[in-house]
Amino acid sequence: MIERHAHTGTDSLRVRYPNIEIAPNVTTTIVLKDTDAATAANYDAFFHAPWPCEVVSIKESHKTAGTDVGAVTLMIEKRTGTQTKTNGVDVLASTFNLKAAVETYQEGTMTATAANRQLSIGDKLGLETAGTLTAVAHVVVTVEVRRTF
């Protein structure tokens, strides 16, 4: 019997599949809980690729929508090497609207640029915001990746 367990996301390099060819796609979720989502500094890297993979889907939802008069958006970016926030490349064709209907998943449209969706070992995925996040609360982002060879 396999003991019940969980992973924090920071230990993904220790996860091993004996037959990775038959392993399911892997999902990772980041939650910016409650009012943490209203602070731009809380949006950063959340996934480090433990093996070559491709991002196949991204979903976003939030509990409270932004109220700023301007656009309030979220992009998922791929960062390589020592790239920091805003220096990566966009994984999505367009941003998530953080002023959209609350408690409703937005399905991201993947970029047509295949290289932007493909991660090498050690590449990161990060969150990048634009606009004033004033009222935004409890943002949930789920990313699905598929191992590539």
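**A strand-rich chain and its salt bridges**

Asp34 is found in the loop between strand S1 (26-32) and strand S2. In this predicted model, Asp34 has a positive phi of about 45° although it is not a glycine. At 35% relative accessibility, Asp34 counts as partly exposed. A second residue with a positive phi is His138, which is not a glycine either; its phi is near 50°. His138, however, has its place in strand S10.

With these two residues introduced, the view can widen to the whole chain. The secondary structure comes to 1 helix and 10 strands. Read from the N terminus on, the elements follow the order β-β-β-β-β-β-β-α-β-β-β. The chain has 149 residues, of which 39% count as buried. Its accessible surface comes to about 8,400 Å², and 52% of that surface belongs to carbon and sulfur atoms. How do the contacts spread along the sequence? Among contacts between residues at least 6 apart in sequence, 80% join residues at least 24 apart.

Strand pairing gives some examples of how the chain is put together. Strand S2 (residues 45-48) pairs with strand S9 (residues 124-130) in the antiparallel sense, over 3 bridges. Within this pairing, the bridge partner of His48 is Lys124 in S9. Strand S9 also pairs with strand S4 (residues 73-79), again in the antiparallel sense, and here there are 7 bridges. In S9, Gly126 is the residue that stands opposite Glu77.

Attention now turns to charged side chains. How many salt bridges does a search of the whole structure find? The search gives 5. One of them joins the side chains of Glu54 and Arg117, with a distance of 3.1 Å from N to O. Glu54 lies in strand S3 (residues 53-64) and Arg117 in helix H1, so this pair ties together parts of the chain that are 63 residues apart in sequence. Are these two residues buried or exposed? Both Glu54 and Arg117 are buried.

Glu54 also meets Arg146 in a salt bridge, at 3.2 Å from N to O. Because Glu54 belongs to strand S3 and Arg146 to strand S10 (residues 137-147), the pair ties together parts that are 92 residues apart in sequence. The two partners sit in unlike surroundings: Glu54 counts as buried because its relative accessibility is 12%, whereas Arg146, at 37%, counts as partly exposed.

A further salt bridge is formed by the side chains of Glu107 and Lys59, at 3.7 Å from N to O. This pair links distant parts of the chain, with Glu107 in strand S7 and Lys59 in strand S3, 48 residues apart. Glu107 is exposed, with a relative accessible area of 53%, while Lys59 is partly exposed, with a relative accessible area of 30%. Elsewhere, salt bridges that share partners join Asp44, Glu77 and Arg79 into one network. Glu77 is thus a member of this network as well as the residue opposite Gly126 in S9.

Lys59 has another neighbour to consider. The charged end of Lys59 sits over the ring of Tyr105, 5.8 Å from the ring centre. Lys59 therefore has two kinds of partner here, because its side chain meets Glu107 in a salt bridge and its charged end sits over Tyr105, with 30% of its relative area accessible. As for rings facing other rings, the count comes to 0 aromatic pairs.

Tyr105 appears again in the surroundings of Ser61, a residue of strand S3. Ser61 is buried, with a relative accessible area of 10%. Which residues does Ser61 touch, not counting those up to four places away in sequence? They are Thr104, Tyr105, His138, Val139 and Val140. One of these, His138, is the residue of strand S10 with the positive phi near 50°.

The last site is Gly108, in the loop between strand S7 (106-107) and helix H1 (114-117). Leaving aside residues up to four places away in sequence, Gly108 touches Ile58, Leu92 and Phe96. For one of these neighbours, Phe96, the separation can be stated: the C-alpha atoms of Gly108 and Phe96 are 7.1 Å apart, and the two residues are 12 residues apart along the chain.

Note on methods. Residues are numbered from 1 along each chain as its sequence is written. This is a predicted model: local features need pLDDT of at least 70, side-chain atom pairs count only at pLDDT 80 or more; totals for chains, interfaces and linings use all residues. Side-chain values use heavy atoms; hydrogens and water are left out. Rings of Phe, Tyr and Trp (its six-membered ring) pair if their centres lie within 6.5 Å; planes under 30 degrees apart count as stacked, over 60 as edge-to-face and the rest as tilted. A charge sits over a ring if NZ of Lys or CZ of Arg is within 6 Å of the ring centre and within 35 degrees of the ring normal. Helices (H or I, at least four residues) and strands (E, at least two) are DSSP runs, numbered from the N terminus. Contact means heavy atoms within 4.5 Å. A salt bridge is a side-chain nitrogen of Lys or Arg within 4 Å of a carboxyl oxygen of Asp or Glu. Buried means under 20% relative accessible area, exposed over 50%, partly exposed in between (1.4 Å probe, protein chains only). Accessible areas come from the Shrake-Rupley method with a 1.4 Å probe; for residues, only the protein chains shown count as cover. Two strands pair if DSSP finds at least two bridges between them.
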